[in-house]
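User: I would like to go through this model with you and ask, for each label, what it rests on.

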Amino acid sequence: MRQTLKNILDQNKILVIDGSMGTALENLGADLNNSLWTARVLANRPELVKQVHLDYFRAGADAGITCSYQASIPGLVANGFTEQEAEELITRSVTIFQEARQEWWDREGKAAGRAWPLCLAGVGPYGAYLADGSEYRGHYGVSREDLEKFHRRRAELLWQAGADVLLFETQPSLEEALVEVSIAKDLGAAFWVSFSCRDGLHICEGTPIREAAAEVVRQFPEVEALGVNCTKPEYLVSLIGELKTASDRPIFVYPNSGEEYDPVTKTWHGVGTDRKFGDYALEYMKAGAVAVGGCCTTVADHVRQVAAAREQFLGEA
């Protein structure tokens with residue numbers, strides 16, 4: 001039986017999502033400066049991916065995102081993998097998560113009374129495949145049919161592998177999000193949608209997030225949760241307010257730690273924010289988010305801060 005958001009919220013009231021796969025892998029010595037990004041590590045050093053998942057569970061995460069954001073079939077084939085190998089790698093992203101989850105559960109999670117972690121299958125946008133920062137812009141100039149073809153097989157593989165939820169993340173475009181959730185509905189899969197946003201009101205392509213969220217719910221009332229990720233932390237309180245206005249769906253957020261991304265060097269620059277990540281996390285919970293984690297440049301320490309913020313939030317409630 002698949003784990004659900006409701007089960008974890010019933011137990012913990014607030015769900016803690018994990019942090020960045022990319023930064024955590026780099027900290028373990030992985031080289032991500034290529035168009036496959038974390039998907040290359042999935043192929044060459046899968047043990048590092050497993051270690052990242054284990055580290056996040058130990059830091060307090062109740063949910064983890066698979067290493068599949070950049071693992072598209074066209075992207076893998078363009079980098080020398082056969083189509084069969086590409087499909088196997090996508091499936092592997094779920095299998096590694098499941099192995100890490102079981103190992104952590106048997107060693108410490110069950111005895112500690114923790115929740116059985118939720119497996120969120122990360123489905124990146126078409127812009128991630130372009131590897132040029134388009135997930136922060138949208139406007140790809142491709143047809144709905146092209147988007148449907150790009151996303152369908154990966155979504156099938158992730159769901160068939162046993163993921164609990166298809167997480168359509170870092171979505172800059174309402175049109176693309178609608179294509180993806182249509183596929184999830186066809187599969188009978190549980191799914192969440194997470195937008196990338198350029199400010200406190202708009203997704204990256206320019207549509208007001210209130211409008212985008214309402215349209216997703218109108219066309220696909222099966223959507224279980226709506227959220228924001230890969231966005232500056234200071235925008236999130238406003239965005240949570242917009243999502244609350246748009247629908248009654250649970251809200252989840254996992255922002256970056258605050259740096260700016262350079263799509264040419266595929267690196268992050270700047271000092272981020274002076275505020276502690278845990279302080280932001282507490283604000284998000286107070287604003288109405290029921291699930292909080294971190295995206296780019298966040299690591300296990302950020303997740304520990306989120307877990308501590310949950311304790312503070314529940315203690316004050």
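Analyst: Leaving aside residues up to four places away in sequence, Cys295 touches Gly19, Ser20, Asn229, Cys230, Tyr254, Pro255 and Asn256. This is a predicted model, and Cys295 is found in its loop between β10 (291-292) and α13 (300-316).

User: Why is Cys295 called buried?

Analyst: Buried means under 20% relative accessible area, and Cys295 has a relative accessibility of 11%, so Cys295 counts as buried.

User: What makes Cys230 buried or exposed, and where is Cys230 placed?

Analyst: Cys230 lies in the loop between β6 (225-229) and α11 (236-246). With the limit for buried at under 20%, the 5% relative accessibility of Cys230 means that Cys230 counts as buried.

User: Which residues does the UniProt annotation "binding site" cover, and how do you know that they cluster in space?

Analyst: According to the UniProt record, an unreviewed entry, the annotation "binding site" covers Cys230, Cys295 and Cys296. These residues are spread over 67 residues of sequence, yet the largest C-alpha distance is 6.4 Å, and on that value they cluster in space.

User: What makes helix α12 mostly covered?

Analyst: Helix α12 (residues 277-287) has 11 residues, and eight of them are buried. The buried residues are Phe277, Gly278, Tyr280, Ala281, Leu282, Tyr284, Met285 and Ala287, and they pack against α11, β7 (251-254), β10 and α13. Just after α12, Gly288 takes a positive phi of about 125°.

User: Why is Ala281 called buried, and which residues does Ala281 touch?

Analyst: The relative accessible area of Ala281 is 1%, and buried means under 20%, so Ala281 is buried. Not counting residues up to four places away in sequence, Ala281 touches Val292, Val306 and Ala309. Ala281 and Val237 are 44 residues apart in sequence, with a C-alpha to C-alpha separation of 9.9 Å in space.

User: Why are α8 and α9 called oblique to each other?

Analyst: Helix α8 (residues 144-160) and helix α9 (residues 174-187) pack at an angle of about 40°, with their axes 9 Å apart. Angles under 35 degrees count as roughly parallel and those from 65 to 115 as roughly perpendicular, and an angle of about 40° falls in neither range, so α8 and α9 are oblique to each other. The crossing in which α8 passes α9 is right-handed. On the α8 side the contact is made by Arg144, Leu147, Glu148, His151, Arg152, Ala155, Glu156 and Trp159, and on the α9 side by Glu175, Glu176, Val179, Glu180, Ile183, Asp186 and Leu187. By class, this contact of α8 with α9 has six nonpolar, one polar and eight charged residues.

User: How do you know that α6 and α8 are oblique, and which residues meet there?

Analyst: The angle between α6 and α8 is about 40°, with their axes 8 Å apart. That angle is not under 35 degrees, as roughly parallel would require, nor within 65 to 115, and α6 and α8 are therefore oblique to each other. In this right-handed crossing of α6 with α8, Glu87, Ile90, Thr91, Ser93 and Val94 in α6 meet Arg153, Arg154, Leu157 and Leu158 in α8. The residues of this contact divide into four nonpolar, two polar and three charged.

User: What makes Ser93 buried or exposed?

Analyst: Ser93, in helix α6 (residues 83-109), has 0% relative accessibility, and since buried means under 20%, Ser93 counts as buried. Leaving aside neighbours within four places in sequence, Ser93 is in contact with Leu42, Thr66, Cys67, Ser68 and Leu158.

Notes. Residues are numbered from 1 along each chain as its sequence is written. This is a predicted model: local features need pLDDT of at least 70, side-chain atom pairs count only at pLDDT 80 or more; totals for chains, interfaces and linings use all residues. Side-chain values use heavy atoms; hydrogens and water are left out. Axes are lines fitted to C-alpha atoms, for helices over the stretch in contact, and angles run from 0 to 180 degrees between N-to-C directions. Helices (H or I, at least four residues) and strands (E, at least two) are DSSP runs, numbered from the N terminus. Angles under 35 degrees count as roughly parallel, over 145 as roughly antiparallel, 65 to 115 as roughly perpendicular and the rest as oblique. A crossing is left-handed if the near helix is turned anticlockwise from the far one by less than a right angle, and right-handed if clockwise. Contact means heavy atoms within 4.5 Å. Ala, Val, Leu, Ile, Met, Phe, Trp, Tyr, Cys and Pro count as nonpolar, Asp, Glu, Lys and Arg as charged, and the others, Gly among them, as polar. UniProt positions are given in the numbering used here, feature names are shortened, and annotations may be inferred rather than shown by experiment. Buried means under 20% relative accessible area, exposed over 50%, partly exposed in between (1.4 Å probe, protein chains only).
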